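Subject: Structure for you to look over

Dear colleague,

I am passing on the structure we spoke about, and I would be glad if you could read the notes below with it open beside you.

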Amino acid sequence: MAIDNTNVLQTSVSAFFEGMIQPSDSYTRIFDMRSDDVASLRLAALTGIPDPSTWDGAEDLTKATLDSTGAVTMSYQGYGVQVRIGKLQARDIPGVVEMASRKLGRSVASKRAALAWAHLETAFTAGDSAIADGKALCASDHTTVLGGGNVRSNLAADSILDRSAFLAMLKQAREAVNYQNQINDWADAPKFLVVPPELETAALEIVGSPFSMNAATEVGTANNTFKPASVQGEINTAGRYNTTVLVSPYLATASDYFLICDPSVENPLTYWTRSEPDFRVDVDSDSGAVKLSVDWASATQSGPQPDGIIGCNKS
């Protein structure tokens, strides 16, 4: 019998965990991150103070009372997992406990990110993600204090993402009104153009290019190709509105995109961590197995008001 790795020759094995790149926590830039130590979290919107009316200096001032447009209540969900490594397995695979601990941390970060991005994808449907007025987060008929047919929209036109579509969203942010029907211009506030990977190049070109190049005319060549006879350059105004591109590989819909205000200015999205991830290492008293455990509790919610987000439901 030939001498090979199946009999005489020694084999050295180097074990590793696959998929160890740490997920991005970019979702924390568009969600209002809360850690209230309460059994449930209610987000309530106050209103009732309109623009002041005229006054002649003699009569009593017009009275305005506080009211509420409604509220949304967040109930948390617990998550957790335990990894068991046998006593002998821990000795047979060098470094396995350390590697498993790192992999567990990576998996927790992945799940928490997936929860946030999955919630954003519900922005165009009401259901469990409805805000205080019963509408989806991004809708064309949000209510105002005027009632009747007076509505406000944070749903963008059904358009592919290009420079014109982005500037149209900026105009929509500029002309936005709040529930009190007051101008609520957030076009100059820090904000994020949130896109799936399929729209990454388009988004970066829209926001990052200093110039917008337009071919004036085209001429044919001997090889049946076309070249611009002359090119006109314009300053790309789309790059002057304090906008950062956020790309999320968790977004499953390839054609939808969002313009979202920094949550320190407007916060239509909330990520509540009721209990922070709690990592523990124990040894089973009977079997001697190493137990790596983690649990946490969190919830996501839209609203109660739609201010600070514009979504394009291109799909």
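I begin with a single pair of residues and work outwards from there: Met 33 stands opposite Tyr 271 in E12. Please keep in mind throughout that this is a predicted model.

That pair belongs to the contact between E1 and E12, two strands that run parallel and are joined by 3 bridges. Both are part of an open sheet of 4 strands with mixed pairing, in the order E1-E12-E13-E4, in which E1 and strand E4 (77-85) are the edge strands and each pairs on one side only. From one strand to the next the twist averages 25°. H2 packs on this sheet and touches E4, E12 and strand E13 (290-302), its direction making about 15° with that of E13.

Tyr 271 also takes part in the aromatic contacts, of which a search of the whole structure finds 5 pairs. With Phe 31 it forms an edge-to-face pair, 6.1 Å from centre to centre and with 85° between the planes. This pair links distant parts of the chain, since Phe 31 lies in the segment before strand E1 (32-34) and Tyr 271 in strand E12 (residues 269-283), 240 residues apart. Phe 31 counts as buried at 1% relative accessibility, and Tyr 271 is buried as well, with a relative accessible area of 0%. Ring pairs extend the group to a cluster of Tyr 27, Phe 31 and Tyr 271.

Another of the pairs is formed by Phe 124 and Phe 258, whose ring centres are 5.4 Å apart and whose planes are at 15°, so the pair is stacked, the cut-off for stacking being under 30 degrees. Because Phe 124 lies in the loop between helix H2 (96-120) and strand E5 (142-143), and Phe 258 in strand E11, the pair ties together parts that are 134 residues apart in sequence. Phe 124 counts as buried at 16% relative accessibility, and Phe 258 does so at 3%.

Strand E11 leads to a further open sheet of 4 strands, with the order E10-E7-E11-E14 and again mixed pairing. Strand E10 (243-247) and strand E14 (309-312) stand at its edges with a single partner strand each, so one side of each is left without a neighbour in the sheet. The twist here averages 15° from one strand to the next. Within the sheet, strand E7 (residues 191-195) and strand E11 (residues 257-261) run antiparallel and are joined by 4 bridges, with Ile 260 in E11 as the bridge partner of Phe 192. Helix H4 (residues 200-208) lies across E7 and E10, running at about 170° to E10.

Which residues of H3 are buried? They are Ala 165, Phe 166, Met 169, Leu 170, Gln 172 and Ala 173, and they cover an arc of only 160° around the axis, which puts them on the same side of H3. Among the elements that cover these buried residues are E7, H4, E10, E11 and E14. The 12 residues of helix H3 (residues 163-174) should span 16 Å at 1.5 Å a residue, and the end C-alpha atoms are 16 Å apart, which agrees.

For the chain as a whole, there are 4 helices and 14 strands, and 37% of the 315 residues count as buried. Of the contacts with a separation of 6 or more, 73% are between residues 24 or more positions apart.

With best wishes

How values were computed:
Residues are numbered from 1 along each chain as its sequence is written. This is a predicted model: local features need pLDDT of at least 70, side-chain atom pairs count only at pLDDT 80 or more; totals for chains, interfaces and linings use all residues. Side-chain values use heavy atoms; hydrogens and water are left out. Two strands pair if DSSP finds at least two bridges between them. Axes are lines fitted to C-alpha atoms, for helices over the stretch in contact, and angles run from 0 to 180 degrees between N-to-C directions. Contact means heavy atoms within 4.5 Å. Rings of Phe, Tyr and Trp (its six-membered ring) pair if their centres lie within 6.5 Å; planes under 30 degrees apart count as stacked, over 60 as edge-to-face and the rest as tilted. Buried means under 20% relative accessible area, exposed over 50%, partly exposed in between (1.4 Å probe, protein chains only). The expected span of a helix is 1.5 Å times one less than its number of residues. The arc is that of the directions from the helix axis to the C-beta atoms.
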